[in-house]
Every structure is written in structure tokens, then in C-alpha cells.
Amino acid sequence: MADFLGMMKQAAQLQSKMKALQDELDTIEVEGLSGGGLVNVRMTAKGEVKAVKIDPSLMKADEREILEDLLVTAQNDARRKAEAAMQEKMQALTGGLGLPPGLGLG
């Protein structure tokens, strides 16, 4: 019975830490770049886009498709960085628990 109570206490502590982690992920921001920095997308580690910056040199009607591709690339770069930041935080939180990777506690 003591083991069960200990596990329940650990679960409650983990739940509290997960809530704190979720709150922290809202404050962590990453930047995705493309076109050698001509397009910049800033987002939270949860994937919420906060800002998009486009170099004025890309604002040409005949280069619209290039700009669209660069936006997609920058957003994907930011998303990969956001996922890496989230994984790093999750690893720090669950590292000692022996949970399988990709358990998706968030």
C-alpha cells in the first residue's frame, strides 16, 4: 500500500510539474529563418506564431512564389526549433522517470 501511495504522490507532483512546463512553453520563443535571414518567423515553443518579418527586397510582385516558399520554410524551421525546445524541457522533467520517449504527456 505504501508503494501505491508513493506512486500517487509522484503522479501528483508530475502533474504539477507538467502544468508549470506548459506555462513555461508559452514564454519560450524560437526563430525560424529562410532565404539567408530574409524571412524570419518567431513563435512560442507551443507553436503559436508571434511575428513574421520579411526583408523589403522580397516585396516584388513577380517573386511572390519565392516569398511564399520562404515563408513556409521559415515557419517549418521555427516549428522544428519549437519541438526541440519542448523535447528538451520534457526530457528535463521526465528524465528520471523511465517513461518511454514520445509518451506525449503534454
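**Stop 1: the first hairpin**

Select residues 29-34 and 39-44, the strands E1 and E2. These two strands form a hairpin with four residues between them. In the turn, click on glycine 35: its phi is positive, about 60°. Strands, like helices, are DSSP runs numbered from the N terminus, with at least two residues (E) for a strand and at least four (H or I) for a helix.

Before going on, a note on what is on your screen: this is a predicted model, in which local features need pLDDT of at least 70 and side-chain atom pairs count only at pLDDT 80 or more, while totals for chains, interfaces and linings use all residues. Residues are numbered from 1 along each chain as its sequence is written, and side-chain values use heavy atoms, with hydrogens and water left out.

Now look across the pair. E1 and E2 run antiparallel and are joined by six bridges; two strands pair if DSSP finds at least two bridges between them. Select leucine 33 and you will find asparagine 40 of E2 opposite.

**Stop 2: the second hairpin**

Add residues 49-54, strand E3. How many bridges join E2 to E3? There are five, and these two strands also run antiparallel. Arginine 42 makes a handy landmark, as it stands opposite alanine 51 in E3. Four residues separate E2 and E3 in their hairpin, and the turn holds glycine 47, with a positive phi of about 95°.

Stay with E2 and switch on a surface. Five of the six residues in this strand are buried, where buried means under 20% relative accessible area, exposed means over 50%, and partly exposed lies in between (1.4 Å probe, protein chains only).

**Stop 3: valine 52**

Next, select valine 52, in strand E3. Is it buried, exposed or partly exposed? Valine 52 is partly exposed, because its relative accessible area is 43%. Show its contacts (heavy atoms within 4.5 Å): leaving aside neighbours within four places in sequence, valine 52 touches Asn40, Val41 and Leu71. Try a distance label too: valine 52 and glutamate 31 are 21 residues apart in sequence, and their C-alpha atoms are 9.5 Å apart in space.

**Stop 4: the nonpolar core**

Select Val30, Val39, Val41, Met43, Leu58, Leu67, Leu70, Ala74, Ala78 and Ala82, the ten residues of the largest nonpolar core. A nonpolar core is a set of buried Ala, Val, Leu, Ile, Met, Phe, Trp, Tyr and Cys residues joined through side-chain atoms within 4.5 Å. E2 and helix H2 (64-94) are the elements that give two or more residues to this core, and H2 gives the largest share, five residues. Apart from this core lies another, of nine residues, including Leu14, Met18, Met90 and Leu93. In soluble globular proteins, nonpolar side chains tend to be buried together.

Zoom in on valine 41. Not counting residues up to four places away in sequence, valine 41 touches ten-membered company you can highlight in turn, including Val30, Gly32, Ala51, Leu71 and Ala78.

**Stop 5: along helix H2**

Select residues 64-94. H2 has 31 residues and reaches 45 Å from its first C-alpha to its last, close to the 45 Å expected at 1.5 Å a residue (the expected span is 1.5 Å times one less than the number of residues). Among its buried residues are Leu67, Ala74, Ala85 and Thr94.

Pause at aspartate 77, also in H2. Aspartate 77 counts as buried because its relative accessible area is 17%. Which backbone atom does its side chain reach at 2.9 Å? The partner is the backbone nitrogen of leucine 33. Beyond its neighbours within four places in sequence, aspartate 77 is in contact with Glu31, Gly32 and Leu33.

**Stop 6: helix H1**

Move to leucine 21, in helix H1 (residues 2-27). Leucine 21 counts as buried, at 5% relative accessibility. Its contacts, leaving aside neighbours within four places in sequence, are Lys89, Met90 and Leu93. Leucine 21 and lysine 89 are 68 residues apart in sequence, yet 7.3 Å apart in space, C-alpha to C-alpha.

**Last stop: the whole chain**

Zoom out and color by element. From the N terminus on, the order is α-β-β-β-α, with two helices and three strands. Of the chain's 106 residues, 25% count as buried.

How values were computed:
Polar contact = N/O pair within 3.5 Å; in protein donor to acceptor, adjacent residues only side chain to side chain.
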